[in-house]
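Here are my notes on the model you sent over. I've kept them as numbered points so you can tick them off one by one.

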Amino acid sequence: MDFNDTPEENDFRLEVREWLKNNAPKEKKAGGYDSIDVQESALARARDWQAKKAEAGYAAITWPKEYGGLGGSSIQSVIYSQEESKYNVPTGFFDIGLGMCIPTIMAWATKEQNERYVEPALYGKEIWCQLFSEPSAGSDVAGVRTKAEKDGDDWIINGQKVWTSGAHFCDFGIIVVRTDPTVPKHKGLSFFFLDMKSPGIEIKPIRQISGGSNFNEVFFTDVRVPDLQRLGEVGEGWKVALTTLMNERLAIGVPKSADYSSLTQLAKDVILNNKPAIKNDLVRAKIADWYVQSEGLKYTKMRSLTSLSKGETPGPESSIGKVVSAPKMQDLASFAMDLQGAAGILNDPDMSLMHSIFQNQWMSAAGYRIAGGTDEILKNIVAERVLGLPQDIRVDKNVPFNELADSR
Amino acid sequence: MNFDFSEDQKLLKEQVSRFLTDNCPIEVVREVLEGDDFYSEKVWKGLVELGLTGTTIPEEYGGLELSPLELCVIAEELGRASAPVPFSSSVYLATEAIKLFGTSEQKENYLPKLASGEIIATFALPESAMEPNPDNIQCTFSSGKLTGTKMPVPDGSYADICVVIVRDKTKDSIGMSIVDLSEKGIEKKSLSTLDQTRDHAEIIFNNTSSEIMNSSGDGWSDVQQILDIAAVLISFEQIGGAEASLNMAKEYALDRFAFGRQIGSYQAVKHKLADMYIKIELAKSNSYYGAMMLNDKGSDLKIAAAASRVAATDAFNFAAQENIQTHGGIGFTWEADTQFYYRRSQVLGLSLGSIASWKK
Ligand SMILES: Cc1cc2nc3c(=O)[nH]c(=O)nc-3n(C[C@H](O)[C@H](O)[C@H](O)COP(=O)(O)OP(=O)(O)OC[C@H]3O[C@@H](n4cnc5c(N)ncnc54)[C@H](O)[C@@H]3O)c2cc1C
């Protein structure tokens, strides 16, 4: 048992290291998707970096060569990420598109469509968003009400989506809509992709608790979408949506965040009971707990990787990542703020210790615990799908959607 | 046994609650968050008119001369409303400090003005993210002049006077001094914080005229005594805020449907709300004991204040955070009112220094 690279893996690592050394941007602070204030320029930088990566084949290591990938293994993809994470490269803009939307396209669209859409997405020229959630369908995403009606060779979409991350700068989106309200909810859905510049689409940014706006409301008024852009059969949209959601669980971790090592750094810099906080047993115990959690997640990943490198599917343990890391982000940030005493509330990077990373993290963590499946839903999934416990009683499963009582 | 507030105190609580419901709905808090005002002057004036700023100030100085228990019930309602007013700085901290350690001249000078609302006071202890202790206070007082930096000072951008914790050069000990914040030689800078509904400032004193206050002889323990009083009072604000968060979460859990059922019908949500309730009740009981010690000047005040502070901080932080979680995506928006309690929970939780140190 070891973590060593095989000789081939090691060769790949060295090759990647060399390439990154020559090509990775040298900026100190790259500015990701989360830093709202730098969004425009960050987007431009992210596009440049993405194009460079795609050119070298590193943008989608596991994808087949015909789609612009490297035809490599998942392990190689992980090696690349490990090496890339040593640099401050711009991140975040393409995760949803390349992690969830394009894999769905690849699984369900025609060859011609793949040829048309995959490469521009890979090169960062076209960005994709996920139009699933609605005001009354979040955790219960199969409850969407946005409807599509057939009109000749087109469908006409009317309704509203919400929380659509990046819709304001995206070119295309994947969408789940209701095409038949007279059958039970999962059976009346269909799945499309569409041009976000289509007439009848109106995008309104939603302001987040942190003040910035990364997600949006998207309104559809008689938006025309060709039937050719339907993925899967009419009424079988849920099946397609599951492809996206499966990929979501793999794609959506939480972003790089301040962890036990940042907390250790802080604890050396502040004092508690007249001594450096790092000397305090309570602080040490907390750091130890978060260290153990982080290591647990890291080695869980190693187990999944081992399966991957053997060509097997990772076991259910791979589904615990976000439900551990998102609450950890919040708790750790809150504890770190506490160590700064009254000054812990300062969120001006020039005044606050460690450039207010903990204050920002405390704000954004509240969202990560909700985005891409809430803590509660993820635990339900572990309990029901992994442990095989009985599901909650479902009152909505076999009733035609339009006869469901008051589903607000 | 009668471990409860009196009928009169409960009536006062209702009166304050009614006033705040009418005059300080959450939109008022939002106006302060989004606007340029440091606080809601209108709400503050209303509290002054009710005489609340003089609650514990002796009648000879124009106050109501009521007990700290009255302050506790007021605090709970202010916390519930997340009121954007300098009550904690001016009343729990500065007024109590002046009552306890002001010279008779200082009391005559300031207490009537505090009672009548003519001035707002604040209290400045920390100087940076370093936990203040008797050895690292750098703000010095010498021959009637004050020099050094305090930050963050709550409501410091607009308070009229400030009780400053200083190193008294003449006695080489920790002391308190009062400074008029309109004096020459003061630089103030409003700080950006997680909760812009409560102003915080950095104040730099540069040879600023100031008056030293009395001391018991051990200046640091004087400071601790004030912090203990404030800890109990602020814990009631936290309890009010936690109850408001629980209430919002409960309303939403009843109203919101997922998978054809109210989300409140799922045990994950039920247990979350039950946990909030349990934490709040434990905090309340600790704070009642804190209040009793405060009122009786009991020997247990120190430990009771720490317990109040630890339990109420835990309850409010948890309730505010899980209120957002219960709301799902909508809870994470600027438009939602969940944010006011999330922000305020940290301000109150950190205001008197780290919880880790209160656990000591
Ligand atoms: C930052 C952010 C970015 C997002 N980006 C996107 C995006 O790009 N595209 C997109 O389509 N969506 C996006 N979302 C939406 C996200 O997927 C939903 O917010 C999430 O699925 C929760 O749905 P909801 O907000 O409707 O909450 P609800 O489903 O109403 O949940 C409310 C509460 O009830 C609980 N609950 C619900 N059902 C159960 C149950 N059966 N058992 C126990 N508890 C339950 C939840 O855990 C939660 O605490 C984003 C959300 C956030 C916060």
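1. Let me start with a single residue: A:Ser262 sits in helix H7 of chain A, which covers residues 260-269. Keep in mind as you read on that this is a predicted model.

2. Is A:Ser262 buried or exposed? Its relative accessible area is 16%, and the cut-off for buried is under 20%, so A:Ser262 counts as buried. Setting aside neighbours within four places in sequence, A:Ser262 is in contact with A:Met354, A:Ile357 and A:Phe358.

3. On to the domains of chain A. The assignment splits chain A into domain 1 (7-93), domain 2 (128-251) and domain 3 (260-370). For domain 1 and domain 2 of chain A, the C-alpha centres are 29 Å apart.

4. Now the overall build of chain A. You'll find 11 helices and 10 strands in chain A. A compact globule of 408 residues would have a radius of gyration near 22 Å, and chain A comes in at 23 Å, so the two agree. Along the principal axes, the C-alpha atoms of chain A take up a box of roughly 75 × 50 × 45 Å.

5. How much of chain A is buried? The figure is 50% of its 408 residues. As for contacts in chain A with a separation of 6 or more, 70% come from residues 24 or more positions apart.

6. A word on the surface and charges of chain A. Its accessible surface is about 19200 Å², with 52% belonging to carbon and sulfur atoms. Chain A carries 47 positive and 55 negative side chains, and the centres of these two sets are 4 Å apart.

7. Chain B next, beginning with its secondary structure: chain B has 11 helices and 10 strands. With 360 residues, a compact globule would be expected to show a radius of gyration near 21 Å; chain B has 20 Å, so this agrees too. The C-alpha trace of chain B spans about 75 × 45 × 40 Å along its principal axes.

8. Which domains does the assignment give for chain B? They are domain 1 (7-116), domain 2 (121-216) and domain 3 (220-359). The C-alpha centres of domain 1 and domain 3 of chain B are separated by 21 Å. These two domains of chain B also touch: 26 residues of domain 1 are in contact with 30 residues of domain 3.

9. In chain B, 62% of the 360 residues are buried. Taking contacts in chain B between residues at least 6 apart in sequence, 73% join residues at least 24 apart.

10. The exposed area of chain B is about 13800 Å², and carbon and sulfur atoms supply 49% of it. Chain B has 33 positive and 51 negative charges, and their mean positions are 5 Å apart.

11. One residue of chain B to look up on your screen is B:Gly102. Where is B:Gly102 found? Look in the loop between helix H5 (87-101) and helix H6 (104-116) of chain B. With a relative accessible area of 4%, against a cut-off of under 20%, B:Gly102 counts as buried.

12. Last, the surroundings of B:Gly102. Not counting residues up to four places away in sequence, B:Gly102 touches B:Ala97, B:Lys107, B:Met213 and B:Asn214. For a distance to check yourself, take B:Gly102 and B:Glu187: they are 85 residues apart in sequence, and 25 Å apart from C-alpha to C-alpha.

Conventions:
Residues numbered from 1 in each chain as written. Chains lettered and ligands numbered in written order. Predicted model: local features only at pLDDT ≥ 70, side-chain atom pairs only at ≥ 80, totals over all residues. Heavy atoms only, no water. Helix = DSSP H or I, 4+ residues; strand = E, 2+ residues; numbered from the N terminus. Rg over C-alpha atoms; globule rule 2.2 N^0.38 Å. Buried < 20%, exposed > 50% of the residue type's maximum accessible area, 1.4 Å probe, protein only. Contact = heavy atoms within 4.5 Å. Areas by Shrake-Rupley, 256 points an atom, 1.4 Å probe, with all protein chains shown as cover. Lys, Arg positive; Asp, Glu negative; His and termini not counted. Charge placed at Lys NZ, Arg CZ, Asp CG, Glu CD. Domains from an automatic or database assignment.
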